[in-house]
Amino acid sequence: MTANVLVIHHSRKGTLHALATAAAEGARAAGATVRLRRIDAPGEPPPTKDDLLWADGIVWGSPTFYGNVSAPVKQFIDSTSDLWRARLLADKVVTGMTSSTSLNGGQEATLLGLYRSMYHWGAAVMSADSTMPLWAETGANPYGVSVCANGGDLPSAVRDAAAHTGARITRLAHLVRTGEPAPSAKIVVICQDGRPALRALAAAVASGARETGAAVRLRQITPATTDVPVVTPADVSWADGLAWGMPATTGSLPAMTAGFVETVQDTGADFLGRTVTAFGTTSNAHAGGESTLLAAYTAMHAWDCLIVAPGYTDPVVTAAGGNPYGTLSHDRNGPPLRTVLAAARHQGRRLALLTSRVRGGMLTVTSPRVPARVPAEHAPSRDFSS
């Protein structure tokens, strides 16, 4: 494995520095060339924009501040706007690590907030790996490595999890950068129901995926009243990548989609490494569409997926309203605009192209998924392999 891995962290009391050091060690052990950079630490090399351009994979480390990343980390992210506008940060593989002084002091919210910024980049966001050893002992956070600490030594399980994260992002970044495309990525486009606008978006996403040579299944969750078959857990198991389409209702995952996700999860299937994107419809521009797409990604982190939001990776995204999280049509009862359909096609193409690289270099995942409650000594290790 060869990849350039950048570990950026801000650490006030040493906890994040220890996590970052472990992640860097894990990445080096997996064959990466590593740059370890610390924000706001006199005498230590700070991260630069050149580091970002150099990197294939980026591990972010930040303490939790009010459920978000610290101000120095946010300030550095804000400084990258020129690279973002030039689309030079797209397809970087990223993940995050965090700590707080209380067990439920915003660790999950901090990682999810970090990823919202990364979606704007067009980065591919790596979930945690629930099949790694000692998963339960680390707190089983599906969004990334996190720990409750106030300085001092880290638990060995958490240190090992950080090293595992470094090794895993090395393998995944290597695949994204150099992986040979699979002969045919397998993509399932799932729309919740048959309303015309949602169906039109789903068809456009499917069309974009097919343009890359992908094998595509178009499915819907509600009982079919049209020519679109009802999705089954077997469709999800068949897929290398998933595109979820749903109407925005309350800004959360709609009940029918959530029910299907829970049904699939109850099968115990392993979805490690699958790619995911989302699109949808709303009644108007600010009726919860963004929140709904983000809720879909939050759910997919629990499946250990790689989140592939469109970001600003093509001018068609801006022309369609500039939503970095996924394509939205704002008139759920009328036909989507031509610009919106173009963005949906781009989203489908991008999902399929990245999927073909990731899955083309991976061994088929066949082991059963390991629930967090399973004792660690029975949990098999699984990570990205070429």
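The protein chain holds 12 helices and 12 strands. The model is predicted. Of the chain's 386 residues, 59% count as buried. Helix H3 shows how one element sits among its neighbours, with both buried and exposed residues.

**Overall dimensions**
- The radius of gyration is 20 Å, which agrees with the value near 21 Å for a compact globule of 386 residues.
- The C-alpha trace spans about 60 × 45 × 40 Å along its principal axes.

**Contacts and surface**
- Take the contacts between residues at least 6 apart in sequence: 79% of them join residues at least 24 apart.
- The accessible surface is about 14,600 Å².
- Carbon and sulfur atoms account for 52% of that surface.

**Charge**
- The chain carries 33 positive and 29 negative charges.
- The mean positions of these two sets lie 4 Å apart.

**Helix H3 (residues 71-78)**
- Pro72, Val73, Phe76 and Ile77 are buried in H3.
- Viewed down the helix axis, the buried residues fall within an arc of 140 degrees, so they line one face of H3.
- An α-helix has 3.6 residues a turn, so residues three or four places apart point the same way.
- Ala71 and Gln75 are exposed, on the face of H3 turned away from the buried side.

**Packing partners of H3**
- Two strands pack against the buried residues of H3: E1 (4-9) and E3 (57-63).
- Helices H2 (49-54), H4 (81-85) and H5 (107-121) also pack against these buried residues.

Conventions
Residues are numbered from 1 along each chain as its sequence is written. This is a predicted model: local features need pLDDT of at least 70, side-chain atom pairs count only at pLDDT 80 or more; totals for chains, interfaces and linings use all residues. Side-chain values use heavy atoms; hydrogens and water are left out. Buried means under 20% relative accessible area, exposed over 50%, partly exposed in between (1.4 Å probe, protein chains only). Helices (H or I, at least four residues) and strands (E, at least two) are DSSP runs, numbered from the N terminus. The arc is that of the directions from the helix axis to the C-beta atoms. Contact means heavy atoms within 4.5 Å. The radius of gyration is taken over C-alpha atoms; the globule rule is 2.2 Å times the number of residues to the power 0.38. Accessible areas come from the Shrake-Rupley method with a 1.4 Å probe; for residues, only the protein chains shown count as cover. Lys and Arg count as positive and Asp and Glu as negative; His and the chain ends are not counted. The place of a charge is taken as NZ of Lys, CZ of Arg, CG of Asp or CD of Glu.
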